[in-house]
Amino acid sequence: MRFIITVFFSLSLILTTFSQEPEEVVKSIFNNALTDNTAEEHLLYLCKNTKGRIAGSEQALHAVRYTMNALIEAGADTVWLQEVPVPHWERGNELAVLRSRLGALELTISALGLSVGTGPAGVNARVVEVHNFEQLDEIGRDVIYEKIVFFNRPVDNTIINTFSGYAGAVDQRISGASEAAKYGALAVIVRSPTQAMHDFVHTGVVRYKDNIPRIPAVCVSPHDAEILSRWLKNDSQSMLHLVSDCRNYDDTISYNVVGEIRGSEKPGEYITVGGHLDAWDICEGAHDDGGGCVQSIETIRLFHELGIKPHRTVRAVMFMNEEMTSTGGQVYAAEAEKNNEIHYAALESDRGLMSPLGFGFGNADDKRLKKLFQLEKYFKPYGIRYFERGGGGSDISPLSKFNTLQIGYIPETQRYFWFHHSANDTFEQVNIREMQLGSAAIASLIYLIDLYDL
Ligand SMILES: [Zn+2]
């Protein structure tokens, strides 16, 4: 009897969903997301119990186990792990003290991910401040040899798009070490790429060029970058004692977590929604990118709970190792190729958890874009109006070769770089309502793309 009642109930739920207008389904998605606290609990857990979950760490594996269960509870038909080769890098003791005729100045620093270390004794050297690589080339080896190079170009705060501003400064962090090592520098200290002026350090990955000596790379808080610059102007003979005892170990294995709801009509076609599960070792990884993972799990939960049966298979993916070498996204695409999967569309949420503005669409021709832009009307009631050409994300980009539609979730981002890659990226910095407006927007977009075959 109970079985019959359950079947009847489920059937009626499905029938209700089918008979509902798309506007009503979207409304029910928003209503549920804004009144349910599952996502908040997931984000809180990831932030407080798997803090510092950089790929290769025990915390990352903890996050893998947790989100696997979360996907099962959300109602995914199938949940599994994909093995991902990842680097294993660990931070060590860190200290930076400038000694000048003004006295001693201790700086707030943080090693860059994958950086080689100074060893426990550290290095002592004079400091040369530069703002860009051209300046480095101009002053050359005579000045730079056996010095510590200080890259101090701030993010241009007049650039309104904060991601563009960041992109204009982050070359110092990514490539500064190899550029300086070309001229015999001993180490580099890089101003944190952020629009904020505070004492938090914003770390990130360093990429070494082949055939150039690998030298230690650290970043410094924007506030201390300003002070360091002033002290250096006052006494150019100041000596910096820099300790960054981080280490690179052998590569290891971690995992992507995948959960799906099988499609009712085209199960062999896939729509992926994802975020990255790894976060920098100094962060709780709320905005970057625990929230993107939670929003992806929410898509599964909302579909399941509201009885939305997608035509295509909808997959939530927690990508591993976006921050260091992006192997999670590569493994996911390689598996897709091996299994001859048709990837219809993929959406990535990795721009923080502020209120949703809209979506950017990449890898689509004008005809497809025109149809996608027509979906805007479903989102206007929720204040979501930006439907733009161009978009995607680093973890879904390897799917581009299958002609997969790339969708970037776009929230408001003026405050994002106050948190990004820093100890300031905590659960407390998230407004859960804003995150959930995003979850609902993402789930709604996937529902509509599937429904209208866009
Ligand atoms: Zn991220």
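How many of the residues of strand 16 are buried? Select the strand, residues 405–411, and you have your answer: seven of its seven residues are buried, so strand 16 is mostly covered. Keep in mind as you click around that this is a predicted model.

**Stop 1: strand 16**

Turn on the side chains. Leu405, Ile407, Tyr409 and Pro411 point one way from the strand, while Gln406, Gly408 and Ile410 point the other way. That fits a general pattern: in a regular strand the side chains alternate between the two faces of the sheet.

Now add the neighbours. Strand 13 (342–348) pairs with strand 16 in the parallel sense, over four bridges. To find one of them, pick glutamate 348, whose bridge partner in strand 16 is glycine 408. Strand 14 (356–362) runs antiparallel to strand 16, and six bridges join the two. Here, look for proline 356, which stands opposite proline 411 in strand 16.

**Stop 2: the sheet around it**

Zoom out and colour eight strands in the order 1-10-12-11-13-16-14-15: they form an open sheet with mixed pairing. Its edge strands are strand 1 and strand 15 (386–389), each of which pairs on one side only. Ignoring direction, neighbouring strands of this sheet are turned by 20 degrees against each other on average.

Go over to the strand 15 edge. Strand 14 and strand 15 pair in the parallel sense over four bridges, and the bridge partner of phenylalanine 361 in strand 15 is arginine 389.

Next, select helix 13, residues 432–451. This helix lies across strand 11, strand 12, strand 13, strand 14, strand 15 and strand 16, and it runs at about 40 degrees to strand 14.

**Stop 3: helix 4**

Now pick residues 58–74, which make up helix 4. Helix 4 also packs on this sheet, touching strand 1, strand 10 and strand 12; its direction makes about 5 degrees with that of strand 10.

Try the distance tool on the C-alpha atoms at the two ends of helix 4: they are 24 Å apart, which agrees with the 24 Å that its 17 residues should span at 1.5 Å a residue.

Which residues of helix 4 are buried? They are Ala60, Ala63, Val64, Tyr66, Thr67, Ala70, Leu71 and Ala74. Show what covers them, and you will find, among others, helix 3 (38–49), strand 1 (78–90), strand 10 (247–261), helix 9 (286–305) and strand 12 (312–319). Step past the end of helix 4 and you reach glycine 75, whose phi is positive, near 110 degrees.

**Stop 4: the zinc ion**

Select the zinc ion and the residues that coordinate it: His276 through NE2, Asp288 through OD, and Asp350 through two OD entries, at 1.9 to 2.7 Å. The angles between the four donor atoms range from 52 to 145 degrees, which makes the arrangement irregular. Along the chain, the donors follow the spacing H-x11-D-x61-D. Histidine 276, in strand 11 (266–276), and aspartate 350, in the loop between strand 13 and strand 14, are 74 residues apart, so the pair links distant parts of the chain. Both histidine 276 and aspartate 350 are buried.

**Stop 5: the other sheet**

Time to move on. Select strands 3-2-9-5-6-7-8-4, in that order: these eight form an open sheet, again with mixed pairing. At the edges sit strand 3 (103–106) and strand 4 (109–111), and each pairs on one side only. The twist from one strand to the next averages 30 degrees.

Inside this sheet, zoom in on strand 5 (residues 123–130) and strand 6 (residues 148–151), which pair in the parallel sense over four bridges. Valine 127 stands opposite isoleucine 148 in strand 6. Then bring in helix 8, residues 222–234: this helix packs on the sheet and touches strand 2, strand 3, strand 5, strand 6, strand 7 and strand 8.

**Last stop: helix 7**

Finish with residues 171–181. This is helix 7, lying across strand 6, strand 7 and strand 8 and running at about 155 degrees to strand 7. Nine of its 11 residues are buried, so helix 7 is largely enclosed by the rest of the structure. Among the buried ones are Gln172, Arg173 and Glu179. Its cover includes helix 5 (133–144), helix 6 (162–167), and strands 6, 7 and 8.

Notes: Residues are numbered from 1 along each chain as its sequence is written. This is a predicted model: local features need pLDDT of at least 70, side-chain atom pairs count only at pLDDT 80 or more; totals for chains, interfaces and linings use all residues. Side-chain values use heavy atoms; hydrogens and water are left out. Donors are N, O and S atoms within 2.8 Å of the metal (3.2 Å for Na, K and Ca); water is not among the atoms, so sites may look incomplete. Four donors count as tetrahedral if all angles lie between 85 and 135 degrees; four count as square planar and six as octahedral if opposite donors are over 155 degrees apart and all others between 65 and 115; anything else is irregular. Buried means under 20% relative accessible area, exposed over 50%, partly exposed in between (1.4 Å probe, protein chains only). Two strands pair if DSSP finds at least two bridges between them. Axes are lines fitted to C-alpha atoms, for helices over the stretch in contact, and angles run from 0 to 180 degrees between N-to-C directions. Contact means heavy atoms within 4.5 Å. The expected span of a helix is 1.5 Å times one less than its number of residues.
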